[in-house]
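Reader: Hello! Could you take me on a close look at the nonpolar core of this model, and then show me what surrounds it?

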Amino acid sequence: MAFPRPRPARPELPRQRVQTLQCGQGAVRAARFNADGNYCLTCGSDKTLKLWNPHKGTALRTYQGHGYEVLDAAGSFDNSQICSGGADKAVALWDVTTGQVVRKYRGHAGKVNCVQFNEEATVIVSGSIDSTVRCWDCRSRRPDPIQVLDEAKDGISSVKLSAHEILTGSVDGRVRRYDLRTGQLCSDYIGSPITSVCFSKDGQCVLAASLDSTLRLLDKDTGELLGEYTGHRSTTYRLDCVLNEQDTHVGCASEDGHVYFWDLVEGSLALSLPVGQGVVQSLAFHPRLPCLLVATQGQVTLWREDTFQPE
């Protein structure tokens, strides 16, 4: 007779502030973990991009090359390259070690809100206020994108990639998912401008935040509404939503200076984290640990679970 396995430990949520990074970049528009969560990028309104070790609180490098404020950035899987998008309508590809711009992609007619690498970091996907998503080949010298997705009727606020899909959120109130293997487009109408979208870790669900102060969890294949989460305030700004590292809780930035987490299944509010005075600009959840990056005004704070002991 086999004994039942012990229940897995209840996932912990980040509740204690362990680091504060004074970025010195003006307002921080986005904070993003790299692929393994050991480093992070911060995008500033002073046109710079900074690389940090947030766990130690050390700044490693500053990248300058955008002509206007930087709005989003992402690191490649091997940490050798960074892509970024800004209000100068450009997408930049950076070499991490030299700090130089390798390529600049111009083609968007408005500011670039979001950028992502594909898994092999051979393609950059960018979404812009000009309502298009553009795919850029990092290895080719050609200046034009390899594909333009122009189905959206308003600006693209958020882009996420899986192995074979592009997920976009748009101000026209629709979440669109492009399946690159079958060449199909699935579109779900939310009705309120979308500020952020993300895949669940198991790839079964899609989380979308919108300007009606509601977070919605959708079944990726059927579009069925699985959960709605409310309590935060989101009416004006482009705020991030996240899932924790175990897919048990959904989280969202808020305009009241808090970060909110809900139980994914029950829908009950699990945590209201007081972060600061102003709008919480950006959120990023660590890929493997109960660890959260939060950007408010000119600083980024790192939060860990209660049982975490700083070294």
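Author: Gladly, and please keep in mind that this is a predicted model. The largest nonpolar core has 16 residues, and the members that touch the most others are V259, F261, L283, L292 and V294. Two or more residues of this core come from each of β24 (258-263), β25 (269-274), β26 and β27 (291-296). With three residues, β26 gives the most to this core. In general, nonpolar side chains in soluble globular proteins tend to be buried together.

L283 is a good residue to stop at. Setting aside residues up to four places away in sequence, L283 touches A31, R32, D240, V242, C252, A253, V259, L292, L293 and V294. Among these partners, V259, L292 and V294 are also named with L283 as the core members that touch the most others. The list of contacts also includes the charged residues R32 and D240. Another core, of 14 residues, lies apart from the one just described, and its members include L207, C241, L243 and L264.

From the core we can move to the open space. The largest pocket has a volume of about 1200 Å³. It is lined by 41 residues, and F33, Q116, K160, L161 and F285 are the closest to its centre. Strand β26 (280-285) returns here, as one of the strands that each supply at least two lining residues; the others are β2 (28-33), β6 (70-75), β10 (112-117), β14 (156-161), β18 (194-199) and β22 (241-243). By class, the lining of the largest pocket has 20 nonpolar, 14 polar and seven charged residues.

The second largest pocket holds about 460 Å³ of space. Its lining consists of 21 residues, with K111, N113, T236, Y237 and R238 nearest the centre. Here too β26 takes part: β2, β18 and β26 each supply at least two residues of this lining. The classes come out as seven nonpolar, seven polar and seven charged residues.

What about enclosed space? Rolling a probe the size of a water molecule over the atoms shows where empty space is left. The structure holds one cavity of 30 Å³ or more. About 60 Å³ of space lies in the largest cavity, and its lining is made by L167, V175, R176, R177, C186, D188, V206, L218, D219 and K220. Two or more of these residues come from each of β16 (174-179), β17 (184-189) and β20 (214-219), and β16 gives the most, with three. This lining has five nonpolar and five charged residues, but no polar ones.

Next, let us visit another part of the chain. Strand β4 (residues 48-53) and strand β5 (residues 58-64) pair in the antiparallel sense over six bridges. One of the pairings joins W52 to its bridge partner A59 in β5. Four residues lie between the strands of this hairpin, where G57 takes a positive phi near 80°.

L49 is found in strand β4. Its relative accessible area is 0%, so L49 counts as buried, the cut-off being under 20%. Leaving aside neighbours within four places in sequence, L49 is in contact with Q25, T42, C43, R61, T62, Y63, V70, A73, I82, S84 and W94. For a sense of distance, the C-alpha atoms of L49 and S210 are separated by 27 Å, with their positions 161 residues apart along the chain.

Two loop residues complete the tour. N79 is found in the loop between β6 and β7 (81-86). Phi of N79 is near 65°, a positive value in a residue other than glycine. At 27% relative accessibility, N79 counts as partly exposed. S131 sits in the loop between β11 (123-128) and β12 (133-137), and phi of S131 is positive as well, near 75°, again in a residue other than glycine. S131 is buried, however, because its relative accessible area of 16% falls under the 20% cut-off.

To return to your starting point, β26 gives the most to the largest nonpolar core, and this strand also supplies at least two residues to the lining of the largest pocket and at least two to the lining of the second largest pocket.

Note on methods
Residues are numbered from 1 along each chain as its sequence is written. This is a predicted model: local features need pLDDT of at least 70, side-chain atom pairs count only at pLDDT 80 or more; totals for chains, interfaces and linings use all residues. Side-chain values use heavy atoms; hydrogens and water are left out. On a 1 Å grid over the protein atoms alone, a cavity is a set of points where a 1.4 Å probe fits but cannot get out, and a pocket is an open set with protein on both sides within 12 Å along at least five of seven lines; lining residues have an atom within 4 Å of a point. Grid points are joined across faces, edges and corners, and a volume is the space filled by probe spheres set on the points. Two strands pair if DSSP finds at least two bridges between them. A nonpolar core is a set of buried Ala, Val, Leu, Ile, Met, Phe, Trp, Tyr and Cys residues joined through side-chain atoms within 4.5 Å. Buried means under 20% relative accessible area, exposed over 50%, partly exposed in between (1.4 Å probe, protein chains only). Contact means heavy atoms within 4.5 Å.
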